[in-house]
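Biologist: Could we go through this chain together, one feature at a time, with the reasoning spelled out before each answer?

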Amino acid sequence: AQVPVGTYDLVVSRGIEYRIHHNQVEIRTNETRTVPVALERYINQPERQWYSGDAHIHIQRDATRDDNTWAQVAAEDVHVSNLLQMGNIAGTHFGQPAWGTAGRFERDGHALVSGQEDPRTIHRGHTIHHNLQQPLHVAPEAYFLYHQVFDESHRQGGLSGYAHQAELFNGRRGIALDVPFGIVDFIEVLQRGHLPTDLWYGFLNLGYKLLPAAGSDFPYMDLPGVVRSYVKIDGPFSIDAWFDAFRAGRLFVTNGPLLDVTVNGRALGEELHLERGAQIEVIAEASLNPDLDQLNRLELVVHGKVVATESANGRDRIQLRTTLAADRSLWLAVRAFGERSDVRRRVPGGREQLLRNITVAHTAPIYVIVNNRPFYLDDQVPALVALQRARLRELLTEAVNPEGDLEPWDTRSLLSELWPAQRRLLGPR
């Protein structure tokens, strides 16, 4: 860089596994300074068989090998970057040059992979489909029939889910329709330092297995790798192994804290079958690079409720050990927070709102099956079913608001004209 004469702070970072380098550099007239920087690791996740990925990046590639894009994500130490071709009812953007293995570019353990965020509507949310063999852009006359894309994605061996925590763009309507058919693999629960859990926990408490994912939504919301999913791979790293581990639920999402947990020796995503009255031994660990934030606490969550907590008390690595009685089938997970976890601000009306960019991590569930009974939460089922039925009614009765779409100049007329016929097709489903 060419800069005016002066003294500068030089800051170098590389994702969440490295300590942040910081020193001062003096620049004199007509002098070139070369400053070698040896980054120090806080932790080596690949040595522990954990590899990071970003579920949601929009960068157009004209060729499979794109050294500039690769450099951008490798500089953040993201091992699997899902580059999503973005669609709407009128067309696609952020195009990818090829699909399947032909659309992958990997070097030094960091990979670019083609995927899609499509279909996307203001009326029933945005969807993400990973590891596709071919793109799946549906014709306008069937664009609201999301299940066609989910079904074809799975036929291709893909992974499919809802973006933006299924909150933006009325995603809660769409996911209410698709989860009961078993076609939704994940929810992008962590984005922009915000991790709402009520929707995700609600479906888990209804007995549906749903995985978490983390996506930056670059360039709209954040930089690549600021939030990421870590998956644990048995054996050497490969793109296929990464997606297989994700599908199996061996993962956690984070923007800083690093997690691990076993339940009676079983790993994330697994089912543990027990007889009533048996003991459930949970061993969980959390750590956090102190250059990012101070670790605050580690929590054990059972059926959406915190049942055990370990405070960090100034430590950057903590362990939680506890034993539960297996009196019913359940799902459990662990989550960790940094100090930026309980910062609130006043919003109009005097209400308090939790700030975004909290420091947080959350694992996928482990399922404890007692006496072969399902793991849904019996006493919550009626209210949760009523909530989802209300969203289905809303999906069918509310008018489409085309001005709320992200690209209304492309989509407003098609959304308004084509929704009534497709609503009739969705009614029986």
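The exchange that follows concerns a predicted model, and takes up helix packing, a sheet, an aromatic pair and some backbone details.

Biologist: How is α3 oriented relative to α4, given that the two helices pack at an angle of about 15 degrees?

Modeller: Helix α3 covers residues 171-178 and helix α4 covers residues 198-205, and their axes lie 12 Å apart. Angles under 35 degrees count as roughly parallel, and the packing angle here is about 15 degrees. Therefore α3 is, with respect to α4, roughly parallel.

Biologist: Which residues of α4 make the contact with α3, and how does that contact divide by class?

Modeller: The crossing of these two helices, α3 and α4, is right-handed. By class, their contact has four nonpolar, no polar and two charged residues. On the α3 side it is made by Arg 172, Ile 175 and Ala 176, and on the α4 side by Asp 198, Leu 199 and Phe 203.

Biologist: What orientation does α4 take to α6?

Modeller: The axes of α4 and of helix α6, residues 381-397, come within 10 Å and cross at roughly 120 degrees. The range for roughly perpendicular is 65 to 115 degrees, and roughly antiparallel needs an angle over 145. With a crossing at roughly 120 degrees, α4 is therefore classed relative to α6 as oblique.

Biologist: Which residues of α6 meet α4, and what is the hand of the crossing?

Modeller: From α4, the contact draws on Leu 199, Gly 202, Phe 203 and Asn 205, and from α6 on Val 381, Leu 384, Gln 388 and Arg 391. Divided by class, this contact of α4 with α6 has four nonpolar, three polar and one charged residues. As for the hand, α4 passes α6 in a crossing that is left-handed.

Biologist: What, then, is the orientation of α3 to α6?

Modeller: The axes of α3 and α6 come within 8 Å, and they cross at roughly 115 degrees. Since angles of 65 to 115 degrees count as roughly perpendicular, α3 is placed relative to α6 as roughly perpendicular.

Biologist: How many charged residues does the contact of α3 with α6 have?

Modeller: In this left-handed crossing of α3 and α6, Arg 172, Arg 173, Ala 176 and Leu 177 of α3 meet Gln 388, Arg 391, Leu 392, Glu 394 and Leu 395 of α6. The residues of this contact divide into four nonpolar and one polar, while the number of charged residues is four.

Biologist: Turning to the sheet with the order β14-β16-β19, which strands are at its edges?

Modeller: The sheet is open and has three strands, whose pairing is antiparallel. Neighbouring strands are turned by 15 degrees against each other on average, with direction ignored. An edge strand pairs on one side only, and that is the case for β14 (258-263) and β19 (317-325).

Biologist: How many bridges join β14 to β16?

Modeller: Strand β16 spans residues 279-287 and runs antiparallel to β14. In this pairing Leu 259 stands opposite Ala 286 of β16. The number of bridges joining β14 to β16 is six.

Biologist: Is the aromatic pair of Phe 94 and Tyr 220 stacked or edge-to-face?

Modeller: The model has 14 aromatic pairs, and this one links distant parts of the chain, with Phe 94 in the loop between β5 and β6 and Tyr 220 in the loop between β11 and β12, 126 residues apart. The ring centres of Phe 94 and Tyr 220 are 6.3 Å apart with 80 degrees between the planes. Planes over 60 degrees apart count as edge-to-face, and the Phe 94 and Tyr 220 pair is accordingly edge-to-face.

Biologist: The loop between β11 and β12 also holds Asp 222; which residues is Asp 222 in contact with, beyond its neighbours within four places in sequence?

Modeller: The C-alpha atoms of Asp 222 and Arg 192 are separated by 6.3 Å, although the two residues are 30 apart along the chain. With neighbours within four places left aside, the contacts of Asp 222 are Arg 192, Ser 216 and Asp 217.

Biologist: Where is Pro 219 found, and is the peptide bond from Phe 218 to Pro 219 cis or trans?

Modeller: Pro 219 is found in the loop between β11 and β12. The peptide bond from Phe 218 to Pro 219 has an omega near 10 degrees and is cis.

Key. Residues are numbered from 1 along each chain as its sequence is written. This is a predicted model: local features need pLDDT of at least 70, side-chain atom pairs count only at pLDDT 80 or more; totals for chains, interfaces and linings use all residues. Side-chain values use heavy atoms; hydrogens and water are left out. Two strands pair if DSSP finds at least two bridges between them. Helices (H or I, at least four residues) and strands (E, at least two) are DSSP runs, numbered from the N terminus. Axes are lines fitted to C-alpha atoms, for helices over the stretch in contact, and angles run from 0 to 180 degrees between N-to-C directions. A crossing is left-handed if the near helix is turned anticlockwise from the far one by less than a right angle, and right-handed if clockwise. Contact means heavy atoms within 4.5 Å. Ala, Val, Leu, Ile, Met, Phe, Trp, Tyr, Cys and Pro count as nonpolar, Asp, Glu, Lys and Arg as charged, and the others, Gly among them, as polar. Rings of Phe, Tyr and Trp (its six-membered ring) pair if their centres lie within 6.5 Å; planes under 30 degrees apart count as stacked, over 60 as edge-to-face and the rest as tilted.
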